[in-house]
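Let's take a friendly walk through one region of this protein, strand by strand. Have the sequence and the 3D view open, and follow along.

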Amino acid sequence: MRTKIKKIFSGKHSYRVISIFVLAVALVVAGISYAFFTSQDRVDNEVSGTTPEIQLLEPNWTSTGSEAAKHSEPGTTIDKDPYVYNNSGEAVYVRIMVNVTDANGKAVDDDTENAILKAILLSDGNTAFVTIDGANITCNNSSFYYYEGYYYYMLDNSTIELQQLEAEASTEKLFNYITFPVTKAEYQYFEEEFNIVVTAQAITVDSVASISFSDIVTKFVEVYES
């Protein structure tokens with residue numbers, strides 16, 4: 001599922017990056033979009049009463065990252081810390097998708113996407129969010145497991161058992177920072193405006209008859225991709 005949010009920003013900076021965080025709830029979308037390197041931001045929300053209500057939050061971006069982003073340059077580290085809060089009254093399973101698009105919402109080439117994904121770091125500020133080996137992606141966050149385009153919220157270090165996110169509870173943060181590279185060879189992929197699109201989806205635990213990973217994945221596909 002890809003949600004396009006179109007926003008045109010203007011400014012004196014040569015390099016601009018837009019970070020778009022999209023919370024997808026069934027067929028209705030609640031979007032939160034923020035702009036790097038501008039003094040503007042925008043929040044759009046729509047609410048659906050037919051599916052579990054979840055929120056995609058990033059408090060450190062709101063408090064410090066958005067301001068730091070206005071002065072970014074090669075070598076700068078910016079707080080970016082998305083996670084999901086279960087605002088419903090029942091336990092849910094959660095999965096998250098991360099995509100990189102250009103300023104027009106179109107997918108960037110593989111080299112650009114890989115470079116940007118590799119610039120995303122976990123809480124220690126050193127560990128890469130993902131390891132990419134050709135077409136294979138491994139998530140280095142022990143609370144998430146990457147499978148066929150999605151990061152599933154799991155029991156710690158598990159690849160077979162999803163974590164049940166209880167009502168009024170939050171997932172671990174998917175990642176924590178973005179560090180802009182210093183070398184020209186690496187920074188070339190950051191010179192054009194781009195979007196980091198994060199999409200979070202949830203299904204209720206009770207909607208799946210078993211705790212089998214494959215059964216839960218099948219249910220997500222049925223709800224969001226059918």
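A good place to begin is a single pair of residues, keeping in mind that this is a predicted model. Tyr 93 stands opposite Ile 203, a residue of strand E14. Widen the view and you will find the strands behind that pair: E7, covering residues 92-102, and E14, covering residues 194-204, run antiparallel and are joined by 11 bridges. Strand E7 is mostly covered, with 10 of its 11 residues buried.

E7 also pairs with strand E12, which spans residues 150-153. Here the pairing is again antiparallel, over 2 bridges. To locate this contact, look for Arg 95, which stands opposite Tyr 152 of E12, and then for Ile 96, whose bridge partner in E12 is Tyr 151.

Now stay with E12 itself. Which of its residues lie on each side, and are they buried or exposed? Tyr 150 and Tyr 152 sit on one side, Tyr 151 and Tyr 153 on the other, and all of them are buried, so that both faces of the strand are covered. As a reminder, side chains in a regular strand alternate between the two faces of the sheet.

From E12, step across to strand E11, residues 144-147. The two strands run antiparallel and share 4 bridges. One pair to pick out is Tyr 145 with its bridge partner Tyr 152 in E12; Tyr 152 is also the residue that Arg 95 stands opposite. Finally, look at the turn: the hairpin of E11 and E12 has 2 residues between the strands, and Glu 148 takes a positive phi near 50° there.

Note on methods
Residues are numbered from 1 along each chain as its sequence is written. This is a predicted model: local features need pLDDT of at least 70, side-chain atom pairs count only at pLDDT 80 or more; totals for chains, interfaces and linings use all residues. Side-chain values use heavy atoms; hydrogens and water are left out. Buried means under 20% relative accessible area, exposed over 50%, partly exposed in between (1.4 Å probe, protein chains only). Two strands pair if DSSP finds at least two bridges between them.
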